[in-house]
Amino acid sequence: MKVGDSEEALSIWEDVLGEEPIQAKNYLQKFLEKNSKFCFVAEEDKAVIGVVLASFNERVGYINRIAVKKTFQNQGVASKLMKTTIEAMKNNGAPSIFIHCKSELAQLYEKFGFKIDKGSVIMRLKLD
Ligand SMILES: CC(C)(COP(=O)(O)OP(=O)(O)OC[C@H]1O[C@@H](n2cnc3c(N)ncnc32)[C@H](O)[C@@H]1OP(=O)(O)O)[C@@H](O)C(=O)NCCC(=O)NCCS
């Protein structure tokens, strides 16, 4: 993903995630500075319609965020972004990839071979 695409990618964040543009912009810029090798956009007529933000910490890969513009959902856009990301992770030596997702989306990721890790749970410590 090119940093120049980030403005357009932000519109997707607002569209599907309802995030404040300024909060999303800070997040996106910092994320891209570190992980541009693993971040991709899908385009239609040169407009950004989907984004995936992923990272690799030299031990494991993570898919941190994936979002597709509402009007382009259910047309295989996320699937293409997932394939590209998995390929990039493989090419960079990631032995596995983690994703933290809503349970109703598990079937989307299972299509790519992800499995629910039965031995682990997600825990959160709220600090505010
Ligand atoms: C989740 C999201 C990225 C999927 O994008 P998409 O381009 O519509 O996905 P695809 O068209 O590639 O769908 C791939 C498969 O996943 C399934 N799927 C897609 N969205 C789904 C949903 N919300 N719930 C359950 N299954 C879903 C599709 O039915 C499809 O299955 P099929 O191949 O059997 O038809 C998109 O709905 C989105 O941006 N949602 C809001 C942000 C979000 O929740 N991101 C994920 C955070 S973990």
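This report walks through the strand pairing and the ligand surroundings in a predicted model.

## First hairpin: β1 and β2

Start with strand β1, which covers residues 39–44, and strand β2, which covers residues 47–56. They run antiparallel to each other, and six bridges hold the pairing together on paper. If you want to check the register, try F40: its bridge partner in β2 is V52. Another handy pair is E43, which sits opposite V48 in β2.

The link between β1 and β2 has two residues between the strands. In this hairpin D45 takes a positive phi near 50°.

## Second hairpin: β2 and β3

β2 also pairs with strand β3 (residues 61–68), again in the antiparallel sense, here over seven bridges. For the register on this side, look at S55, which stands opposite Y62 in β3.

Four residues lie between β2 and β3 in their hairpin. The turn has a positive phi too: E58 comes in at about 75°.

## Around the ligand

Now for the pocket residues. The ligand is surrounded by 18 residues, and the closest are Q73, A78, S79, C101 and L108. Which elements give two or more residues to this shell? They are α1 (6–17), β3, α3 (77–91) and α4 (106–110). So β3 turns up twice in this story: β3 pairs with β2, and β3 also contributes to the shell around the ligand.

As for chemistry, the shell divides into ten nonpolar residues, six polar ones and two charged ones.

Key. Residues numbered from 1 in each chain as written. Predicted model: local features only at pLDDT ≥ 70, side-chain atom pairs only at ≥ 80, totals over all residues. Pairing = 2+ DSSP bridges. Near = placed C-beta within 6 Å. Nonpolar A, V, L, I, M, F, W, Y, C, P; charged D, E, K, R; others polar.
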